[in-house]
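Here are a few exercises to work through with the model open on your screen. Try each one yourself before you read the solution.

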Amino acid sequence: MEQLEYQEGRTEISHMGKVPLIQRLTADFPIRNASTLTGVGDDCAVIQSMPGSPTLTLLSTQTLVEGVNFDMMYTPLRHLGYKAVAIAVSNIAAMNGTPRQVMVSIAVSNRYSVEALDELYAGILLCCKRYDIDLVGGNTETSRAGMVLTVTAVGEVAASSATYRRGAALHDLVCCSGDLGSAYAGLLVLEREKVTYQADPNFQPDLDSYDYVLERFLKPEPRLDIVRLLAEREVVPTSMIDVGKGLADAVLHLCRSSHCGCEIYEERIPIDYQTSRVCSEMSKNMLPVSCALNGGDDYELLFTISQKDYEKVKSLSEVHIIGHITEQGMPAVLVTPQNTTITLRAQAFQGTDQ
């Protein structure tokens, strides 16, 4: 039997960034099969089942852990089921693909009843219905505490349209869909109401004026509509990623994979008015742009296009041009309205999605 070697000393996971951790853990796993076109390092693995096939298979897995990724005090189980499928499918969208199947595995403690799991799967069913996805398998196990929910999404994309993180080129335009920071604003509202409730169990929260940001956090939608809109206009992005952990993280991933820099213009980052209002309620020092850069859970698409495609996308209300790609060796920066530049930095370790 091969002897395993262990290094002396201890490195805390929290001290290592997400990308270095993934690179370290997967460094000794070379690609051994010709059918594996892309492995670790993008939103999905890309498989070509037959040499020369015009269609590629996309695979992506997302895991949600109770107490880390969701709080049952304010997360309805039906919403949780929907969200779990939606964020796995978002990775398929980020490859310019179409989802076809999902597999769902859960580990639950005896704190959950059969009826509770019925609610969870009702949410999974709603998302599958909305996006014409088949549930084709999974696994159920016992957990000593809480719930762990893992969704594997399977999709497909034409080989000529597959979009990776690595394709951005000098002078490409940087675009994003929807608006950013709203999911984090919804989380801030829920956390605030949770603290108030814990101090006074008789407290009845009034959330009517926060419906948009709450839905953005509890029930995100994968932007498959953007994939379709771009296809209708015969636009294939040069690179793309979904915005799961904030704009800054997504921008840095694209720049790292494409070996380039970029300039993002603060005034062009789309932020909903409700997001701005929540930030002002929370703290006079909390800037909406900070929520957009580092908040996460928006699951919008960040992508680059060639300048020749500008005329094709400029009229799309859900697509915003927020910057451009700069040459290799240049940093990824935020340009303020005062024309000063701030180097973008991602948040500390938050997970191991590949």
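**Exercise 1. Find what the buried residues of H8 pack against, and work out how those residues are arranged on the helix.**

Step 1. This is a predicted model, so keep that in mind throughout. In it, the buried residues of H8 pack against H4, helix H5 (211-218) and helix H9 (288-294).

Step 2. Now list the residues doing the packing. Helix H8 runs over residues 273-282, and its buried residues are Gln-274, Thr-275, Val-278 and Cys-279.

Step 3. Check their directions. They sit on the same side of H8, because they cover an arc of only 140° around the axis. A general rule helps here: an α-helix has 3.6 residues a turn, so residues three or four places apart point the same way.

Step 4. Turn the helix over. On the other side of H8, Tyr-273 and Ser-280 are exposed.

**Exercise 2. Decide whether Glu-193 is buried or exposed, and name what it touches.**

Step 1. Locate the residue: Glu-193 belongs to helix H4, residues 182-199.

Step 2. Look at the number. Glu-193 has a relative accessible area of 13%. The cut-off for buried is under 20%, so Glu-193 is buried.

Step 3. Leaving out residues up to four places away in sequence, Glu-193 touches Phe-203, Pro-205, Asp-206 and Leu-207.

**Exercise 3. Work out which residues of H6 are buried and what covers them.**

Step 1. Helix H6 spans residues 224-232, and Leu-224, Ile-226, Val-227 and Leu-230 are buried in it.

Step 2. These residues cover an arc of only 155° around the axis, which puts them on the same side of H6.

Step 3. For the cover, look at both helices and strands. It includes helix H2 (77-93) and helix H10 (310-313), along with strands E4 (98-108), E7 (173-177), E10 (300-305) and E11 (319-326).

Step 4. Follow the chain out of the helix. Just after H6, Glu-234 takes a positive phi of about 55°.

**Exercise 4. Describe the surroundings of Ser-90 and Cys-262.**

Step 1. Start with Ser-90, which is in helix H2. Ser-90 has a relative accessible area of 1%, so it is buried.

Step 2. Not counting residues up to four places away in sequence, Ser-90 touches Pro-222, Asp-242, Tyr-299 and Leu-301.

Step 3. Move on to Cys-262, in strand E9 (residues 261-265). Cys-262 counts as buried too, at 2% relative accessibility.

Step 4. With residues up to four places away in sequence set aside, Cys-262 touches Val-251, Cys-255, His-324, Ile-325, Thr-326, Pro-331, Ala-332 and Val-333.

Step 5. Add a distance. Cys-262 and Leu-170 are 92 residues apart along the chain, yet their C-alpha atoms are separated by 8.9 Å.

**Exercise 5. Zoom out: how compact is the chain?**

Step 1. Take stock of the parts: the chain has 10 helices and 13 strands.

Step 2. Compare radii. The chain's radius of gyration is 21 Å, close to the 20 Å that the globule rule gives for 354 residues, so the chain is as compact as a globular protein of that length. Along its principal axes, the C-alpha trace spans about 60 × 60 × 50 Å.

Step 3. Look inside: 47% of the 354 residues count as buried. Among contacts between residues at least 6 apart in sequence, 84% join residues at least 24 apart.

Step 4. Finish at the surface. The chain exposes about 18,400 Å², and carbon and sulfur atoms supply 50% of that. As for charges, there are 29 positive and 44 negative ones, and their mean positions are 2 Å apart.

How values were computed
Residues numbered from 1 in each chain as written. Predicted model: local features only at pLDDT ≥ 70, side-chain atom pairs only at ≥ 80, totals over all residues. Heavy atoms only, no water. Buried < 20%, exposed > 50% of the residue type's maximum accessible area, 1.4 Å probe, protein only. Helix = DSSP H or I, 4+ residues; strand = E, 2+ residues; numbered from the N terminus. Arc of directions from axis to C-beta. Contact = heavy atoms within 4.5 Å. Rg over C-alpha atoms; globule rule 2.2 N^0.38 Å. Areas by Shrake-Rupley, 256 points an atom, 1.4 Å probe, with all protein chains shown as cover. Lys, Arg positive; Asp, Glu negative; His and termini not counted. Charge placed at Lys NZ, Arg CZ, Asp CG, Glu CD.
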